[in-house]
Amino acid sequence: MRHGNLPAELNQFVGRTSELAELGCLLRNSRLVTVVGVGGVGKTRFASHGAAMLQERYCDGVWLAELSTVRDPDLLEHALAEALGLTDHTTRTPRAALVAHLEERETLLVLDGFEQLVDACAGLVRELLRRAPRLRVLAVGRRPLRIDGESTFPLAPMVDTDAVRLFADRATAGQPSFRLTGGNLRHVQELCRRLDGIPLALELAAGRARTLSVEQLLQRLDDRFQLLTGGSRGALPRHQTLRTAIGWSHELCTSEQRLLWARLSVFSGQFDLEAVEYICGGPDLPAEQILDVLGELLAQSVVVPEDGPAGRRYRMLDTVREYGHDWLAATGDTDRLRRRHRDWYLGLATWCELDWFSPRQSEVAARIDCELPNLRTAMECSLEFPGDAHLAQYLAGTLWFYWVGCGRLAEGRHWLDQVLEAEAERDTSRLKALWVLGYVSVLQGDAAAAVAALQECGEEAEQSGDATAAAYALHRTGCLALVTDDMERAEHLLRQAIGSYGEIGELNSNVLMAQVELAMAVAFRGDVAEAAAICEEVVAVCEDHGERWTLAYALYVLGYAQWTRGRTNRARELLTECLVIDHAFHDQLGTVLALEMLALVTLEEGDAEEAALLQGAAERIWPSVGLPLFGSAYFCAPHAVCEERARKELGDAPYERIRREGALLEQDEAVTRAVHGPLRREDPPAPAPRGARGRRVDVRKREVRPDQRA
């Protein structure tokens with residue numbers, strides 16, 4: 001199965017044939033290659049294209065980590081884990097999780113834009129290469145990492161012929177009637193020479209071909225160069241050539257385009273039109289004009305489009321963004337724009353939290369994935385400005401659904417710890433951050449941190465009369481009791497919390513999850529019928545609201561109930577749907593629990609070998625979740641029954657051999673196999689439906705209709 005996350009190329013890659021061949025040779029002979037060069041020379045595009053050409057070499061894929069938006073060294077490992085699609089529910093450090101993930105994989109890791117984190121990045125790369133012998137790293141930046149074994153690849157500007165081809169290709173894209181002719185070829189060659197063959201400068205110039213002839217472009221650019229060189233025609237240093245070309249492009253913009261260019265520099269990574277209209281709009285740039293102005297910046301290659309799971313979005317290249325940032329600073333408007341940016345993303349997080357309890361859960365997950373760099377920037381902004389720390393607490397708490405529901409516990413824990421250390425008023429934002437920290441800590445298996453946070457939240461909520469925070473603290477304390485095998489206390493606290501939710505009129509995914517957790521406690525205490533009845537009610541509410549994440553856990557309990565009644569067909573149907581949902585949301589806990597139960601169901605169906613294989617697959621996932629089955633006798637019971645019976649049927653040695661085979665399966669492969677069983681040799685893999693964030697999971701053989709659950 002091929003893996004990786006390299007983005008699709010939106011336009012033709014031009015030239016660089018010999019450089020690409022040299023890069024391929026270097027990566028064959030060196031485990032660390034760093035592509036270096038001046039800004040705008042095309043390092044990112046060159047490295048991404050080169051890596052894509054070499055994908056067949058790496059059986060575990062080529063993965064791109066874009067680091068230019070990361071400023072805090074403490075977030076480097078989180079950003080890399082995010083790029084790898086790595087979810088980890090434990091308290092181990094992100095670095096330890098990265099090592100565990102990569103140490104046995106044959107992977108090419110592309111690290112782009114690391115120069116602001118060079119020391120932290122060098123230390124991380126050094127350790128990953130030492131601990132993961134089959135890993136190779138392609139780093140991209142303006143300077144080398146300077147660690148042992150590094151091969152440096154200086155990327156020069158384009159040779160004349162490639163530069164002319166690039167200019168012509170981009171000019172034709174913006175103005176289809178443009179052609180290289182005997183009449184303009186000499187001017188194009190001179191333009192490329194004056195721009196030193198720097199790709200970004202060439203693309204900016206080509207963006208003007210709609211309104212200016214090549215001769216006019218050359219004349220205007222030449223005038224600016226002569227101004228900078230005191231009238232001589234001597235060459236400028238390449239970094240100054242690029243800045244001059246950017247400045248020249250900036251001068252040719254209208255005042256509205258220059259203003260938008262400057263204001264767009266407050267974004268980190270991608271952004272969408274709605275955000276631009278709110279953050280960048282004002283009396284001097286009305287929101288209704290922004291679409292047209294943005295369109296002009298797109299046509300001039302100042303802004304580039306990007307398409308993904310969250311739809312059409314935009315980005316500024318780092319060098320262009322830096323130029324805009326300098327202009328924004330010169331206007332004295334930076335702090336106002338940063339606060340406006342922060343306010344937009346506070347509002348976005350609020351709406352996404354509400355939309356999580358709706359049919360739009362999958363869209364919410366994809367949206368937050370795309371917006372994570374901007375959300376990080378918003379939290380950093382709130383922590384920097386005096387008196388705004390409570391807004392950082394609000395944002396970190398509001399994103400609970402992303403930290404918990406989309407497999408981002410480690411980064412969530414990072415932010416929650418950080419914002420709660422900040423000086424701020426003890427208000428509802430702090431209380432929410434406390435119960436979310438307790439929730440995250442419970443799922444990480446950090447009972448001490450969970451107790452401390454939930455106890456503080458409960459006490460402060462009681463003192464301030466905050467019934468909502470008190471109910472959440474009570475709920476999560478009950479959840480802690482559930483995973484530590486105190487079922488009597490768990491049932492008592494969860495019933496009490498559900499009652500409190502009812503009194504204050506609270507209804508959302510958390511409230512439904514409290515009911516599912518109550519059902520688990522009730523089932524483990526022996527009343528499977530009541531547990532099933534509770535979860536049938538949850539399923540009904542989930543379907544009314546289009547909720548999927550909590551639904552999966554309710555289906556898990558219902559599948560367990562059907563297994564206890566000997567109804568293996570019904571159990572499989574319910575657990576299959578549970579698994580597909582959890583895997584799509586990157587919910588490792590739900591995924592591995594469903595796999596464990598499906599192993600037992602498979603055994604009941606008479607296939608001990610496949611059951612042992614699925615147990616091995618689950619075993620591979622548990623280290624990223626925490627203590628297997630929480631170390632709980634109750635949660636472990638189905639696993640123990642399955643293992644005991646499979647060993648008895650197969651024998652110890654065959655069981656261990658098959659279990660080890662299962663532990664070699666990647667998670668996508670394990671899920672696909674659990675959903676429809678091993679493919680026969682004659683069965684070609686069919687296209688699979690996409691889950692919550694675009695991941696493919698094959699459910700073609702076992703679809704479950706809602707009317708089949710009862």
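A residue counts as buried when its relative accessible area is under 20%. By that cut-off Ser68, at 14% relative accessibility, is buried. The structure is a predicted model. Its chain has 710 residues, and buried residues make up 58% of them. The points below go from the whole chain to two helices, two loop residues and the cysteines.

**Overall form**

- The chain has a radius of gyration of 28 Å, which agrees with the value near 27 Å for a compact globule of 710 residues.
- Measured out along the principal axes, the C-alpha trace spans about 90 × 60 × 50 Å.
- The secondary structure consists of 32 helices and 7 strands.
- Among contacts in the chain with a separation of 6 or more, 74% join residues 24 or more positions apart.

**Surface and charge**

- The chain has an accessible surface of about 28800 Å², and carbon and sulfur atoms account for 50% of that surface.
- There are 79 positive and 105 negative side chains in the chain.
- The centres of these two charged sets are 6 Å apart.

**Ser68 and helix H3**

- Ser68 sits in the loop that runs between strand E2 (62-66) and helix H3 (76-83).
- Leaving aside residues up to four places away in sequence, Ser68 touches Asp112, Gly113, Gln116 and Asp318.
- Helix H3 is largely enclosed by the rest of the structure, because 7 of its 8 residues are buried.
- The buried residues of H3 are Leu76, Glu77, His78, Ala79, Leu80, Ala81 and Ala83.
- These buried residues pack against two strands and several helices: E2, E3 (108-112), H4 (94-102), H5 (118-131), H16 (361-384) and H19 (409-421).
- Gly85, just after H3, takes a positive phi of about 70°.

**Met158 and helix H8**

- Met158 lies in the loop between strand E5 (150-154) and helix H6 (160-174).
- With a relative accessibility of 8%, Met158 counts as buried, since the cut-off is under 20%.
- The C-alpha atoms of Met158 and Ile198 are separated by 6.4 Å, although the two residues are 40 residues apart along the chain.
- Not counting residues up to four places away in sequence, Met158 touches Val14, Arg16, Ala163, Leu166, Gly197, Pro199 and Leu202.
- Pro199 and Leu202, both touched by Met158, are among the buried residues of helix H8.
- The other buried residues of H8 are Leu200, Ala201, Leu204, Ala205 and Ala206.
- Helix H8 (residues 199-206) has 7 of its 8 residues buried, so H8 is largely enclosed by the rest of the structure.

**Cysteines**

- A disulfide is a covalent bond between the sulfur atoms of two cysteines.
- The structure holds 0 disulfides.
- Cys542 is in no disulfide, and the nearest cysteine sulfur, that of Cys535, is 9.5 Å away.
- A disulfide needs the two sulfur atoms within 2.5 Å, so the 9.5 Å between the sulfurs of Cys542 and Cys535 does not qualify.
- Cys542 counts as buried, at 1% relative accessibility.
- Cys25 is partly exposed, with a relative accessible area of 47%.

How values were computed. Residues are numbered from 1 along each chain as its sequence is written. This is a predicted model: local features need pLDDT of at least 70, side-chain atom pairs count only at pLDDT 80 or more; totals for chains, interfaces and linings use all residues. Side-chain values use heavy atoms; hydrogens and water are left out. Buried means under 20% relative accessible area, exposed over 50%, partly exposed in between (1.4 Å probe, protein chains only). Helices (H or I, at least four residues) and strands (E, at least two) are DSSP runs, numbered from the N terminus. The radius of gyration is taken over C-alpha atoms; the globule rule is 2.2 Å times the number of residues to the power 0.38. Contact means heavy atoms within 4.5 Å. Accessible areas come from the Shrake-Rupley method with a 1.4 Å probe; for residues, only the protein chains shown count as cover. Lys and Arg count as positive and Asp and Glu as negative; His and the chain ends are not counted. The place of a charge is taken as NZ of Lys, CZ of Arg, CG of Asp or CD of Glu.
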